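Here is my note on the structure you sent, set out as numbered points. Please read it with the model open beside you.

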4 protein chains.
Amino acid sequence: MAIQVAVCGPSACTAQEERHAHRVGELLAARGAVVVCGGGTGVMAAVARGAHSAGGLVIGVRPGQGHAGASPHLSAVIATNMGEARNAIIVWSADAVIAIGGSWGTLSEVALAMRRGDIPVVSLGGWRLVDADGAAVPGILAVDSPERAVEVALGVTTAG
Amino acid sequence: MAIQVAVCGPSACTAQEERHAHRVGELLAARGAVVVCGGGTGVMAAVARGAHSAGGLVIGVRPGQGHAGASPHLSAVIATNMGEARNAIIVWSADAVIAIGGSWGTLSEVALAMRRGDIPVVSLGGWRLVDADGAAVPGILAVDSPERAVEVALGVTTAG
Amino acid sequence: MAIQVAVCGPSACTAQEERHAHRVGELLAARGAVVVCGGGTGVMAAVARGAHSAGGLVIGVRPGQGHAGASPHLSAVIATNMGEARNAIIVWSADAVIAIGGSWGTLSEVALAMRRGDIPVVSLGGWRLVDADGAAVPGILAVDSPERAVEVALGVTTAG
Amino acid sequence: MAIQVAVCGPSACTAQEERHAHRVGELLAARGAVVVCGGGTGVMAAVARGAHSAGGLVIGVRPGQGHAGASPHLSAVIATNMGEARNAIIVWSADAVIAIGGSWGTLSEVALAMRRGDIPVVSLGGWRLVDADGAAVPGILAVDSPERAVEVALGVTTAG
């Protein structure tokens, strides 16, 4: 079975986040990973387009009942009809999670993946967490490029 | 987006059900339909093997947290960690449902698909329903061959 | 913790089913059982009204996002926003299931409860199942009165 | 229908978080609100005990299949068998959310509630969020006492 990587991010994203997501999709597809995403707009659409352009498989896990609003670049659509609870399904289906940018939905996926506790959770330009004492909450792997996000997610190390 | 067809059936099935499921998988793949199934053993494994052998895409929607127990012929695995509630996800992801054989899990998928009410629900050798007055409950489309199951599911008519 | 009994049935039911559901609610409340139901109309509303009238606790597990359409006699509302997948939650929350009347949603609850396999599933005037060979599918406990439904669900035996 | 308030927090919490949760439970019950929580240990057990001690109704929405690990002070148990996806159900069942302390599970509930967007989300001693530019992410209502948490959740204002 191929490695599956969830890519999460805002449905309304910046141009940079869109470029990053597209690149992450290309890189994952090039390495043979299946992309699992929310299948909507913004980061979700960009990663689907990127993976599709590189001949990869992309599964969209949708919150509603059908294909409405789904990216046209998905290989298959899972219609959960469960709203944002589908975020838990995306997380359980993944061998690693990459979050690009910050939003409440994205944060719920990051939190659920950290709660799961046994897969890498990578953040590219996302929100950071501070505890009640002002200390950074550890665990999320912050990176600064799509290339590095994919390397960390797949556990690949490259010479410096 | 390709047509998606859910194929349901017992995890412990008869040899005939297995042959039927394999053939349904082949036929759906040959027509370009994506197969959505539970991804486990029995009818699920047979339809996955059939679709895979014909070069089709098969998504397994699993009840647990990971790939344990998943058929090796799946293109991608959705790990719901929601037990049999995943049956509702299989049903919402489908443009048609084909049930092969009878079991309580299969019946729940048939019932959820009929409750949904807007897709064909086809039964090949499955259980039948009788109301409290002894009358047959209408709605499920009973067929007697894999070929006919796929035709009815896809809304294809063939000359007699 | 009190015993919890799920009561299922059509949202559009007959007058007799409504009377039966009301009586089942009264009897369960009188025995200290918590009623879990779908919280909507028909059998769901009647069992909630019955349990409430006898001072019992009734939890409604709703398919949507809020209280819209919820029976006014519920002690608490669980809004799943998961559509009919909430039926699996009703089943897992119950120490026994009583189905009153037949519908596709009701059948999905009966099927999920039988699939679970470790609790009594009682049917009062519901659909019956026949396998592909015409034989009755065993397992569901058919009864013919609300009193008997509650006795069987709670495992109570009474002198003849 | 009574107001329903979700109270979330770590299953392993500090003594102060436990006191805060107990007090929040008492205050909510005293105002007639139904408490919805995860039904487990730590903050969940403390809020259940507090609400129960004040004669209130507390519903525990559990991740597993049964009553194992459930607080003994719950009025009713909803067994979702959906793991942390139950967090979405807690959020949809609430007219307001109070988070006490920080953990990944708690964060997922806060994020899902903010994603929902139409209810107050109150944080007592929880984690804070900073965006990629270092600015605080607005929206969560930080308070510093159980009394204030309940006032803000219920939209009650008191003279200074």
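1. Between them, chain D and chain B bury about 290 Å². Carbon and sulfur atoms account for 63% of that area. The model is predicted, so every value in this note is computed from predicted coordinates. The contact involves four residues of chain D and four residues of chain B.

2. Which residues of chain D lose the most area to chain B? They are D:Asn81, D:Met82 and D:Ala85, and together they make up 89% of what the chain D side buries. By residue class, the side of chain D that touches chain B has two nonpolar residues, two polar ones and no charged ones.

3. The count of salt bridges between chain D and chain B is zero. The count of residue pairs in polar contact across this interface is also zero, where both residues must have pLDDT 80 or more.

4. Chain D also meets chain A, and here 24 residues of chain A are in contact with 24 residues of chain D. The two chains bury about 2,200 Å² between them, with 73% of it on carbon and sulfur atoms. In chain A, the residues that lose the most area to chain D are A:Trp104, A:Arg115 and A:Arg128, together 29% of what that side buries.

5. How many salt bridges does the rule find across the interface of chain A and chain D? It finds two. D:Arg115 forms a salt bridge with A:Glu84, and their closest N and O atoms are 3.2 Å apart. Side chains of opposite charge can pair when their charged atoms come close. Across the interface of chain A and chain D there are also four residue pairs in polar contact, both residues being at pLDDT 80 or more.

6. Which elements of chain A supply at least two residues each to the side that touches chain D? They are helix 3 (86-92), helix 4 (104-116) and strand 7 (128-130). Helix 4 of chain A gives the largest share, eight residues. The side of chain A that touches chain D divides into 14 nonpolar, six polar and four charged residues.

7. Within chain A, helix 1 (residues 15-30) packs against helix 2 (residues 43-53) at an angle of about 35°, and their axes are 7 Å apart. The crossing of helix 1 and helix 2 of chain A is right-handed. Among the residues of helix 1 that take part in the contact are A:Ala21, A:Val24, A:Gly25 and A:Ala29. From helix 2 of chain A, the contact includes A:Val43, A:Ala46, A:Val47 and A:Gly50. The residues of this contact comprise seven nonpolar, four polar and four charged.

8. Over all chains, the structure holds 28 salt bridges. One to look up in chain B is that of B:Arg23 with B:Glu26, where the closest N and O atoms are 3.1 Å apart. Both B:Arg23 and B:Glu26 lie in helix 1 (residues 15-30) of chain B. They are three residues apart, about one turn of the helix.

Terms used
Residues numbered from 1 in each chain as written. Chains lettered and ligands numbered in written order. Predicted model: local features only at pLDDT ≥ 70, side-chain atom pairs only at ≥ 80, totals over all residues. Heavy atoms only, no water. Axes fitted to C-alpha atoms, helices over the stretch in contact; angles between N-to-C directions. Helix = DSSP H or I, 4+ residues; strand = E, 2+ residues; numbered from the N terminus. Left-handed = near helix turned anticlockwise from the far one by under 90°. Contact = heavy atoms within 4.5 Å. Nonpolar A, V, L, I, M, F, W, Y, C, P; charged D, E, K, R; others polar. Buried area = accessible area lost by both parts, 1.4 Å probe. Salt bridge = Lys/Arg side-chain N within 4 Å of Asp/Glu carboxyl O. Polar contact = N/O pair within 3.5 Å; in protein donor to acceptor, adjacent residues only side chain to side chain.
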